[in-house]
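Got a few minutes for some structure reading? Have a look at the model below, then work through the exercises with me.

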Amino acid sequence: MSARTRTVGVGAEIELSTAEARGVALAAQRLGRPRPNGRVDARRLRRGIDDVGLLQLDSVNVLCRAHYMPLFSRLGPYSQTILDRLASHADDAGPARAGREDRSLFEYWGHEASLLPVETQPLLRWRMARAEKLTEKPARLLAAEKPELLQSVLRTVRERGPIRAAELAAPVRKPKNPWYNWSEAKIALDYLFFAGLVCVDHRVRFERRYDLPERVLPEAVLDAPTPPEDEAQRQLLLIAAARLGVATEPDLGDYFCLPRKESKARLAELVEAGLLNPARVEGWNAPAYVTAGRLPTLVREARALLAPFDSLVWSRSRTERIFGFRHRIELYTPAAKRVHGYYVLPFLLGDGLVARIDVKSDRGAGVLRVLGAFAEPGADPGAVAPELADELRLLARWLDLAHVSVARKGDLAGKLTKAVTTTQEPRY
């Protein structure tokens, strides 16, 4: 069946060209749609979060926190304060905390550490129940050897929460421990968080404050029945399939970091039930799958700067398979060995990733600094530079930075420098 018919019959295998797979993937990620005019309110942000299913968290703040960028990429400028309120984050001791019943997002291990819609919490309880098997080794060992410490930390949270990990005990350095500067109490707290016995109530300057779930999550979420493990995993795979458009089994399982053995089993059940259809994609070596029903209308024209942890590109193998774009995060690579830079954003234009830039917010000087700009093979720098400059001006305005400065590094730097110095209002 041709993808151009858009209808996907139950059980039918479809064939997609490489270009069609790109268009389906972009449409599923809600890229390529016109950005809203006017103010983006909390309701629109909630819809934007639902479009991607979750927002991955990361502590690096060289440009801005990673979870802010995916919504900017899709919606354009919005008030970060609104997202802070939805996530209960704050910059000072007066947190922008959402009321318990008004809470929209909660923090847990989705795709790594993530902000997720609270309605997703019951689908992740199977992971919480497996804490003794799935947490990092130091936490597993501590839970097995010192259960009384877990109870003591839980009792402290109950009595004093919301509480910072630093309030439990001073760090103890253990050079051979990968969590070398974590006290046992902090490790115990992390275990309790993974097990769902404590929640992140809010963050202040990105530091977690922990409390009991019954004081954090809405009552309706707490009272929601816990689905069986297999059903919860099937639902997570369906969420992933809708947000990937077309995907292999590892792609689907990776969205919520499902164990591979179970991901394979649940996927087979969804195909047998007619909820996913098999697909063949030109150039892909592995079978692919799409949501049964109708494929999204293909996206051919999009423009966005993407955070390294954006759900479109967080899977490196998938990004290379779909876009021919080899994406590597060089945050922890020694500076002398970096190819493109410390914090590199891919640039989406049309239906391809056509460039990448190393960026930094120089907040003291009020400048968005492009430390390196690189065109992808086959991209036309003369066509890419004006579009990228426009997006950079928009990004700078959103981050309250006065202007954009481009360093000389990279084969796109010259044309980009000329483009950003052209006086022009950024287009949304």
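Here are three short exercises on this predicted model, each with a worked solution.

**Exercise 1. Work out which side of helix α8 faces inward.**

Start with the helix itself: α8 runs over residues 147-160, so 14 residues by the numbering. From first C-alpha to last it reaches 20 Å, close to the 20 Å expected at 1.5 Å a residue. Next, pick out the buried residues: L149, L150, V153, L154, T156 and V157. These cover an arc of only 155 degrees around the axis, so they sit on the same side of α8. Now check the other side, where E148 and E159 are exposed. Finally, look for what covers the buried residues: α7 (137-145), α9 (184-194) and β8 (207-211) are among the elements that do.

**Exercise 2. Find the residues that touch the most other members of the largest nonpolar core.**

This core has 113 residues, and the ones to pick are L63, M69, L252 and Y343. Helix α15 (residues 381-398) gives the most to the core, with nine residues. Then zoom in on L63: leaving out residues up to four places away in sequence, its contacts include M69, Y343, V359, L368 and L395. Don't miss the second, separate core of 27 residues, which includes L26, V281, V313 and I322.

**Exercise 3. Decide whether C199 is paired or unpaired in a disulfide.**

The nearest cysteine sulfur to that of C199 belongs to C257, and it is 19 Å away. A disulfide needs the sulfur atoms within 2.5 Å, so C199 is in no disulfide. The structure holds zero disulfides. As for surroundings, C199 counts as buried at 10% relative accessibility, while C257 is partly exposed at 30%.

Definitions and conventions:
Residues numbered from 1 in each chain as written. Predicted model: local features only at pLDDT ≥ 70, side-chain atom pairs only at ≥ 80, totals over all residues. Heavy atoms only, no water. Core = buried A, V, L, I, M, F, W, Y, C linked by side-chain atoms within 4.5 Å. Buried < 20%, exposed > 50% of the residue type's maximum accessible area, 1.4 Å probe, protein only. Helix = DSSP H or I, 4+ residues; strand = E, 2+ residues; numbered from the N terminus. Contact = heavy atoms within 4.5 Å. Expected span 1.5 Å × (residues − 1). Arc of directions from axis to C-beta.
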